[in-house]
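The report below takes up selected local features of one model, beginning with a side-chain pair and moving on to backbone geometry and helix packing.

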Amino acid sequence: MASIIESGWQYLITHFSDFQLACLGSFFLHESVFFLSGLPFIFIERAGWLSKYKIQAKNNSPAAQEKCITRLLLYHFGVNLPVMLASYPVFRFMGMRSSLPLPSWEVVLTQILFYFILEDFVFYWGHRVLHTKWLYKHVHSIHHEYATPFGLTSEYAHPAEILFLGFATIVGPAITGPHLMTLWLWMVVRVLETVEAHCGYHFPWSPSNFLPLYGGAEFHDYHHRLLYTKSGNYSSTFTYMDWIFGTDKGYQKLKALKDEELEDISKKMKDY
C-alpha cells in the first residue's frame, strides 16, 4: 500500500510544480471533497429519503439551496482561490514540502491530532466573538440565514468570516510545517467533518455516536436553531471548549429532556 501511495506521489511531483500542487491542487481537492460530500444531502432532503433521521422537520426550498450553491461558487472562486494563489510564499515559509520520502503515519496522525486540538481552541473563541452583537449583525448572520442547515451551508459565510475562521484551520500546519500530503489529508478530514456537522441528519453511524466529545450534526444543529444571544455550542469538531466554559448547558438540558421523553415512551410500550 505504501509503495502505491509513493508511486502516485512521485507522479504528482514529477508532472506538477510545488506551486501548482500547493495552491491549485489544494483548491481543486477542496472543491471536489466539499461538493461531492455536500451535494448528496440536497438530493436526500428533496427526495424525502431517510427522513426519520432528519433533525428538523422543516426542509429548505430548492430556491434557497440554489442560492447557497451560487454564493458558494462565487466565494470559492472569487475569494478562496485568489487567497490560495497569493499564499504560496506563506506555504513555503512555514516549511511545507512535497518531496519524497513521505512522512510516516505516526507523524501524520500526531500532527493531525494536534491540528484538531488547536483548531477547536482557536475556532471556539473566534466563533464566540462572531456572536457579539455587531459582528453577528454585519458578518456572521449570513451563515445563520439557514436555520435548517444542510451540508453545503458549512461554508456559506461572509468573505471576512471565511478568512477569519480559515485561520483556525491553517494555524496548526503553520506551526508544524507539514508535508503537503499531511496538509491535504487534514483538509479532507476537516471538510468532511464540517459538512457532516451541517448535514441536518443524525444517523446511527454518525461519528458522534462513537467518538467521545465529538459534536456532530445534532450538536451544531442546535446552534443554528436559536437566536445568536442564546445559542451556545460554539465548538468546531470536539466540544471540550463548550464543556469547559459552560456554553453547552442549554443543549445538554434539552438533550436530557429528550432522553427522558424517550425513556418514558419506552416504558409505556413495555407496559402494553
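In this predicted model, the side chains of Glu-155 and His-76 are joined by a polar contact of 2.9 Å. Glu-155 is found in the loop between α6 (133-138) and α7 (159-176), whereas His-76 belongs to the stretch 62-86 that forms helix α3. With a relative accessibility of 16%, Glu-155 counts as buried, because the cut-off for that class is under 20%. Apart from its neighbours within four places in sequence, Glu-155 is in contact with His-30, Phe-34, Leu-72, His-76, Ile-162 and Val-191. The C-alpha atom of Leu-109, a residue 46 places away along the chain, is separated from that of Glu-155 by 25 Å.

Some of these contact partners can be set against the annotation. The unreviewed UniProt entry places the feature "transmembrane region" at residues 19-44, 72-91 and 103-125. In the model, residues 19-44 are 100% helix and 0% strand, and the C-alpha atoms at the ends of that span lie 38 Å apart. For residues 72-91 the helix content is 95%, again with 0% strand, and the end C-alpha atoms are 24 Å apart. His-30 and Phe-34, both in contact with Glu-155, fall within the annotated span 19-44, while Leu-72 and His-76, also in contact with Glu-155, fall within the annotated span 72-91.

Two helix pairs illustrate the packing, and their geometry is set out here.

| Helix pair | Axis separation | Crossing angle |
|---|---|---|
| α3 and α7 | 11 Å | about 40° |
| α5 and α8 | within 10 Å | roughly 50° |

At their angle of about 40°, α3 and α7 are therefore oblique to each other, and α3 passes α7 in a right-handed crossing. The contact is made by Tyr-75, Val-79, Asn-80 and Val-83 on the α3 side and by Pro-159, Ile-162 and Leu-163 on the α7 side. Ile-162, one of these α7 residues, is also among the residues in contact with Glu-155.

The axes of α5 and α8 cross at roughly 50°, so this pair is likewise classed as oblique, and the crossing is right-handed. From α5 the contact involves Trp-105, Val-108, Gln-111, Ile-112, Tyr-115, Phe-116, Glu-119 and Phe-123, and from α8 it involves Met-181, Thr-182, Leu-185, Trp-186, Val-189 and Arg-190.

The loops hold further backbone features. Between α4 (88-93) and α5 (105-130) lies the loop that contains Pro-101, and the peptide bond leading from Leu-100 into Pro-101 is cis, with omega near 5°. Leu-213, placed in the loop between α8 (180-197) and α9 (216-225), has a phi near 65°, a positive value in a residue other than glycine. Asn-233, which lies in the loop between α9 and α10 (240-245), also has a positive phi, of about 50°, although it is not a glycine.

Are these two residues with positive phi buried or exposed, or do they lie in between? Leu-213 has a relative accessibility of 48% and therefore counts as partly exposed, whereas Asn-233, at 0% relative accessibility, counts as buried.

Definitions and conventions. Residues are numbered from 1 along each chain as its sequence is written. This is a predicted model: local features need pLDDT of at least 70, side-chain atom pairs count only at pLDDT 80 or more; totals for chains, interfaces and linings use all residues. Side-chain values use heavy atoms; hydrogens and water are left out. UniProt positions are given in the numbering used here, feature names are shortened, and annotations may be inferred rather than shown by experiment. Helices (H or I, at least four residues) and strands (E, at least two) are DSSP runs, numbered from the N terminus. Buried means under 20% relative accessible area, exposed over 50%, partly exposed in between (1.4 Å probe, protein chains only). Contact means heavy atoms within 4.5 Å. A polar contact is a pair of N or O atoms within 3.5 Å; within protein, one must be able to donate a hydrogen and the other to accept it, and residues adjacent in sequence count only if both atoms are side-chain atoms. Axes are lines fitted to C-alpha atoms, for helices over the stretch in contact, and angles run from 0 to 180 degrees between N-to-C directions. Angles under 35 degrees count as roughly parallel, over 145 as roughly antiparallel, 65 to 115 as roughly perpendicular and the rest as oblique. A crossing is left-handed if the near helix is turned anticlockwise from the far one by less than a right angle, and right-handed if clockwise.
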